[in-house]
Amino acid sequence: MSMSGSAVELPITTDATPEEKVTSRQLKKQLRLQEAKTRLSSPWASGIAIIIAILWTIPTFGLFVTSFRPPAEIATSGWWTVLTNPGFTFENYQNAWSGSGGLGSFFLNSFVIVLPAVVIPISLALLAAYAFAWIDFKGRDMLFVAVFALQIVPIQVALIPLQTIFVNFGLQNSFWPVWISHTIFGLPLAIFLLHNFMKEVPRSIVEAARVDGAGHVKIFFIVLLPLLIPAIAAFAIFQFLWVWNDLLVALVFAPSPNLKPITAAIAQLSGTQGNQWQLLSAGAFISMVVPLVVFVSLQRYFVRGLLAGGVKG
Amino acid sequence: MDWFLNPTSVSDKLIVMVVAIVLFVAIMGLILWLIDRPGVPNWLVVVGFLGPVTIFMAVGLLYPAMGTIYRSFQVSAIVLGANGKPIINPKTGQRTSELTFSLENYTKIFTDPTFQKVLINTVFWVLLVPIVATLIGLVYATLVDRTRFEKAAKALVFLPMAISMVGASIIWKFVYDYRQAGANQIGLANQVLVWLGLEPYQFLLTEPWNTFFLIVVMIWIQAGFAMTVLSAAIKAVPDDIVEAAQIDGATGFKLFRKVTVPTIRPAIVVVITTVAITSLKAFDVVRTMTGGNFGTSVVANEFYTQTFIQGESGVGIGAALAVVLFVIIIPVIVYNVRQMRISEEMR
């Protein structure tokens, strides 16, 4: 019925499918596997795949190599000549972190911003999703449709009045505007997705708890929350990366160096020191290290969260 | 209370972060504790679960959206006194101005050549990024499907999706780096040109093609998303359909075009519309790589420039641009919802 809804309904079968006991099925699977291999071994097909893989890897690799080269080398020779112009240094990272880049303090800001901006919206969304899924009340469907519809409002539309509100409350020098705006902008999608997962819990389980005399709060904490852990993990990773990688909210609500997260700091560095590649290359990788670690270690959850939440923004 | 509203030291920041989370948990805990007792009416339970969210969304999304739409129809005009001269505010010594109703913001966006250029650029972004990214994602997902190195191959293309658009922009800014002819190139793109015996080229400065070199970056970012979703869809194509087609003699490209693509059509629609909306709303690439200069601005970037850099005079235009973004998104979503309805009915 919806964009994100349909994304959720997409069969997410990247993980290995449970082993079937039917041997004929396994056999067919193997045959298809073999056939796929022969198909890719056609020179055109593998050629195209390799070209795409290279195009998608080389740019990142080039900047990565550059970040370890001495500044003089970076400015005078391409990174692909690194074998003939050898030179290796950690100094770029030192400079970017605490020297002229000063990214260390921005890294801390990112960290301070991201935790509440993940915990608060997910907790609120879980409560709301529970109410929409398992509490009967008048106007429930209407309210849910309203929440769903708010997903399509681009955050640009809300920024100016929201900023006025924050200034009126005297919050503009604190992290509160960033936390609150990430919460607000994350809520519609979070509620919608978590509601879908809540709905999948069998009614009989919830009914059984109700018969035992559990109220809504107990059912929420004892019955539903443990069942939803994988869904929560997937969405938490997604929200985490969204907040860490965000530029717009950071520029608008955390403009001062005291609050600015690392992504915004790097973007600014690119504008003011566009030719200082020793600084930019190391800085870029400092800003990317957290997403990369999350990506490599939690790839499966991340992909699941992305499949479910691709429309955020 | 200074650390609470204006934290400056490392410890202040960490403390205020912990306090924020604890405060939130305490308030929510109190609310839930209050409604979790026998005899509490159902409506009060609903308020406990939904109240905070409703307030956040009404105050933080609905009300601001209304405000922005309202503001987009206002321009700042100087108040004239009875004598036809501007009224000077005695306190500030400046002319007083007031906001009056006007369509001027919108007429300016659609008639001023600078803004027309912004709109045209946006159209290229919204068309090219989803189409090319989906095409590449689909081809790649098909080619590496069920091969031995599938996982690693997919991770490579997916990686740009995990890093920020700012990071991706810096990676590509380096690829596009320009040095004068004769000097050693340090950007790979220009080195390739030199290897081919061509002159180095100012990829980011030369209009009108620079917009397309920015679009390349967005395609590079979004292809991973397209590939992941489409790969999941391809794996869900039922075996019997594929086998039936194979018995009928379909192989290779024909199988792909006649069986795979029609079967995963709903997923393709989702990917195209999702990527289209992402590229419409994202301003990170333009902001980081050119700042919207050299004729590369798009609506999302111009919104930011007008609203937050231009100052008071740009706020109305910025509001109108935000509304334009909103209005373009609606038909895309409606199309998407209708397509999903159709495919659900067919099931």
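User: How many residues does each of chain B and chain A bring to the contact?
Analyst: The structure is a predicted model, in which local features need pLDDT of at least 70, side-chain atom pairs count only at pLDDT 80 or more, and totals for chains, interfaces and linings use all residues. Residues are numbered from 1 along each chain as its sequence is written, with chains lettered from A and ligands numbered from 1 in the order in which they are written. Two residues are in contact if their C-beta atoms, placed from the backbone, lie within 7 Å. The contact takes 101 residues from chain A and 106 residues from chain B.

User: Which helix gives the most to the side of chain B that touches chain A?
Analyst: Helices (H or I, at least four residues) are DSSP runs, numbered from the N terminus. With 18 residues, the leading contributor on this side of chain B is helix α3 (residues 42-72).

User: How many residues of each class does the side of chain B that touches chain A have?
Analyst: Ala, Val, Leu, Ile, Met, Phe, Trp, Tyr, Cys and Pro count as nonpolar, Asp, Glu, Lys and Arg as charged, and the others, Gly among them, as polar. By these classes, the side of chain B that touches chain A has 73 nonpolar, 21 polar and 12 charged residues.

User: What is the orientation of α6(B) relative to α9(B)?
Analyst: The axes of helix α6 (residues 150-162) of chain B and helix α9 (residues 210-235) of chain B come within 6 Å and cross at roughly 125°. That angle makes the orientation of α6(B) to α9(B) oblique.

User: How do the residues of the contact of α6(B) with α9(B) divide by class?
Analyst: Among the residues that meet are B:Lys154, B:Phe158 and B:Met161 in α6(B), and B:Trp220, B:Phe225 and B:Ser231 in α9(B). The contact of α6(B) with α9(B) divides into 10 nonpolar, three polar and one charged.

User: How are α10(B) and α11(B) oriented to each other?
Analyst: Helix α10 (residues 239-247) of chain B packs with helix α11 (residues 252-263) of chain B at an angle of about 160°, and their axes are 11 Å apart. Angles under 35 degrees count as roughly parallel, over 145 as roughly antiparallel, 65 to 115 as roughly perpendicular and the rest as oblique. Axes are lines fitted to C-alpha atoms, for helices over the stretch in contact, and angles run from 0 to 180 degrees between N-to-C directions. The two helices, α10(B) and α11(B), are therefore roughly antiparallel.

User: Which helix of chain B has the highest mean pLDDT among its elements?
Analyst: Chain B averages a pLDDT (the predictor's confidence in each residue, from 0 to 100) of 89, and 98% of the residues score at least 70. The lowest mean, 76, belongs to helix α1 (residues 2-5) of chain B, and the highest, 95, to helix α7 (residues 165-175) of chain B.
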